[in-house]
Amino acid sequence: MAILKIARLGHPVLLARAARVEDPTAPEIARLVSDMAETMLDASGLGLAAPQVHVPLRIFVFRQGSEDAPTVAALINPELVPLDDETETGWEGCLSIPGLRGAVPRARRIGFRALDLQGRELEGEADGLTARVFQHETDHLDGIVYPMRMPDLSRLGFVEELTRFGATSR
Ligand code: NI
């Protein structure tokens with residue numbers, strides 16, 4: 001396991017469309033996911049997409065379980081669909097944009113399909129924070145970072161100042 005270097009905003013890898021994973025069961029994919037999990041937990045992130053560690057493949061990891069005992073799961077080649085027209089605006093941060101938070105509208109409920117590390121098809125629904133994390137991370141696979149989803153850039157700021165002046169930080 002290794003902690004990987006995280007690409008920061010301005011690096012072109014964050015604006016590129018990532019390629020599909022041809023063989024989710026390949027040992028190098030397992031190694032990458034394991035390193036991404038360690039990197040995300042080390043940085044206290046909720047999710048991390050492969051382009052954020054300079055690997056242009058359609059993979060992201062996300063945090064599950066309790067805060068004291070988090071586990072990490074991975075989605076490979078994820079596809080999302082909103083389940084209705086309802087959106088919700090919430091605060092997001094990104095390990096590639098350290099120190100900042102922005103208010104981003106996202107679909108409240110989504111359906112998802114993906115593969116796991118065994119190459120099995122996963123299918124499910126998510127809402128709330130999980131749906132937000134999945135949309136944020138899947139955006140990374142399409143070269144989209146959260147400020148590009150913000151209709152109101154006056155709600156982008158440093159977490160320190162947002163907290164100081166009473167905006168919610170998450
Ligand atoms: Ni991010």
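**Why it's called that: Asp 139, nickel and two sheets**

Author: Leaving aside residues up to four places away in sequence, Asp 139 touches Arg 106, Ile 144 and Arg 149. One caution: this is a predicted model, where local features need pLDDT of at least 70 and side-chain atom pairs count only at 80 or more, while totals for chains, interfaces and linings use all residues. Numbering starts from 1 along each chain as its sequence is written, and side-chain values use heavy atoms, with hydrogens and water left out.

Reader: What makes "touches" the right word for Asp 139 and Arg 106?

Author: Contact here means heavy atoms within 4.5 Å, and Arg 106 is among the residues that Asp 139 touches.

Reader: Why is the link between the side chains of Asp 139 and Arg 149 called a polar contact?

Author: The two side chains come to 2.8 Å. A polar contact is a pair of N or O atoms within 3.5 Å, one able to donate a hydrogen and the other to accept it within protein; neighbours in sequence count only if both atoms are side-chain atoms. So 2.8 Å makes the cut.

Reader: How do you know whether Asp 139 is buried or exposed?

Author: Its relative accessible area is 7%. Buried means under 20%, exposed over 50% and partly exposed in between (1.4 Å probe, protein chains only), so Asp 139 is buried.

Reader: What makes a residue a donor to the nickel ion, and which ones are they?

Author: Donors are N, O and S atoms within 2.8 Å of the metal (3.2 Å for Na, K and Ca); water isn't among the atoms, so a site may look incomplete. Cys 94 (SG), His 136 (NE2) and His 140 (NE2) sit at 2.1 to 2.3 Å, so they qualify. Their spacing in sequence is C-x41-H-x3-H.

Reader: Why are His 136 and His 140 separated by about one helical turn?

Author: Because they're four residues apart in helix α2 (residues 128-141). Asp 139 lies in α2 too. Helices (H or I, at least four residues) and strands (E, at least two) are DSSP runs, numbered from the N terminus. Both histidines are buried.

Reader: Why is the pair of Phe 112 and Phe 134 called edge-to-face?

Author: Rings of Phe, Tyr and Trp (its six-membered ring) pair if their centres lie within 6.5 Å; planes under 30 degrees apart are stacked, over 60 edge-to-face, the rest tilted. The search of the whole structure finds four aromatic pairs. Phe 112 and Phe 134 are 5.2 Å apart centre to centre, with 85 degrees between the planes, so edge-to-face it is. Phe 112 is in strand β6 (residues 109-115) and Phe 134 in α2, 22 residues apart. Phe 60, Phe 62, Phe 112 and Phe 134 form one aromatic cluster.

Reader: How do you know that β4 and β5 pair?

Author: Two strands pair if DSSP finds at least two bridges between them. Six bridges join β4 to β5 (residues 100-107), running antiparallel, and Glu 88 stands opposite Arg 106 in β5.

Reader: What makes β4 and β8 edge strands?

Author: The open sheet has the order β4-β5-β8. β4 (87-92) and β8 (156-158) each have a single partner strand, so one side of each is left without a neighbour in the sheet.
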